[in-house]
Amino acid sequence: MSPPGAPWPGSSVPSVPPAPPRSRARRLLAPVATLAGVVAAFAYVGAVDPNEPGHYPVCPLLRFTGVYCPGCGGLRSAHAFAHGDLPAALGANALAVVGYGVFAVVAVLWLVRAYRGVPMRLAVPPNWWWGIGAVLALFTLVRNLPFGSALAP
């Protein structure tokens, strides 16, 4: 009796050679390129002040409804963060600053795992997505109510 998974007697199964291991430089390419893009974006926002009108488009939700979306104040937050002014960054959009921290942790994990040759698998369960959506909705609601004006940009 043949072991499980063995081909049928008389059938031919082409053997596929294993893929050669990727070099460390090749493994680091994606996380380093991603970080370079994020650094370039922060450098641009740090150089071009979003507090001066005319440099960036206005949030359409804010323009047409007067309601702050979860991203309103994000560019001002990134500008303040790029200049090292954490209180101003938190005042412009506290949720964005939390997002910068989460991104930094994930980026460091990605770099370390790529350096070690371990693939990065980021599987977020559906209940986490629901939780993230609930936090965004709650943040949007609170920052648009009078008692949550401290969260408004």
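## Close-up views of a predicted model

**View 1. The length of helix 5, residues 126-143, agrees with what its residue count leads one to expect.** At 1.5 Å a residue, the 18 residues of helix 5 should span 26 Å, and because the C-alpha atoms at its two ends are 26 Å apart, the expected span and the span in the model agree. The structure shown here, in this view and in those that follow, is a predicted model.

**View 2. Helix 5 has buried residues that are covered in part by helix 4.** The buried residues of helix 5 include F139 and T140, and V142 and R143 are buried in this helix as well. Among what covers the buried residues of helix 5 is helix 4, which runs over residues 86-116.

**View 3. An exposed tryptophan of helix 5 takes part in a nonpolar surface patch.** W129 belongs to helix 5, and this residue counts as exposed because its relative accessible area of 53% lies over the 50% cut-off. Together with L122, V124, W128, I132 and L136, W129 makes a nonpolar patch of about 630 Å² on the surface.

**View 4. The largest nonpolar core consists of 7 residues.** These residues are V45, A78, A80, A89, A96, V97 and Y100. Two elements, helix 3 (74-82) and helix 4, each give two or more residues to this core, and the largest share, 4 residues, comes from helix 4.

**View 5. A89, a member of the largest nonpolar core, is shown with its contacts.** When neighbours within four places in sequence are left aside, A89 is in contact with S77, A80, F81, A94 and V97; among these partners, A80 and V97 are also part of the core.

Definitions and conventions: Residues are numbered from 1 along each chain as its sequence is written. This is a predicted model: local features need pLDDT of at least 70, side-chain atom pairs count only at pLDDT 80 or more; totals for chains, interfaces and linings use all residues. Side-chain values use heavy atoms; hydrogens and water are left out. The expected span of a helix is 1.5 Å times one less than its number of residues. Buried means under 20% relative accessible area, exposed over 50%, partly exposed in between (1.4 Å probe, protein chains only). Contact means heavy atoms within 4.5 Å. A nonpolar core is a set of buried Ala, Val, Leu, Ile, Met, Phe, Trp, Tyr and Cys residues joined through side-chain atoms within 4.5 Å. Patches are made of residues with over 30% relative accessible area and no salt bridge: like charges are joined within 9 Å, nonpolar side chains (Val, Leu, Ile, Met, Phe, Trp, Tyr) within 5 Å. Accessible areas come from the Shrake-Rupley method with a 1.4 Å probe; for residues, only the protein chains shown count as cover. A salt bridge is a side-chain nitrogen of Lys or Arg within 4 Å of a carboxyl oxygen of Asp or Glu.
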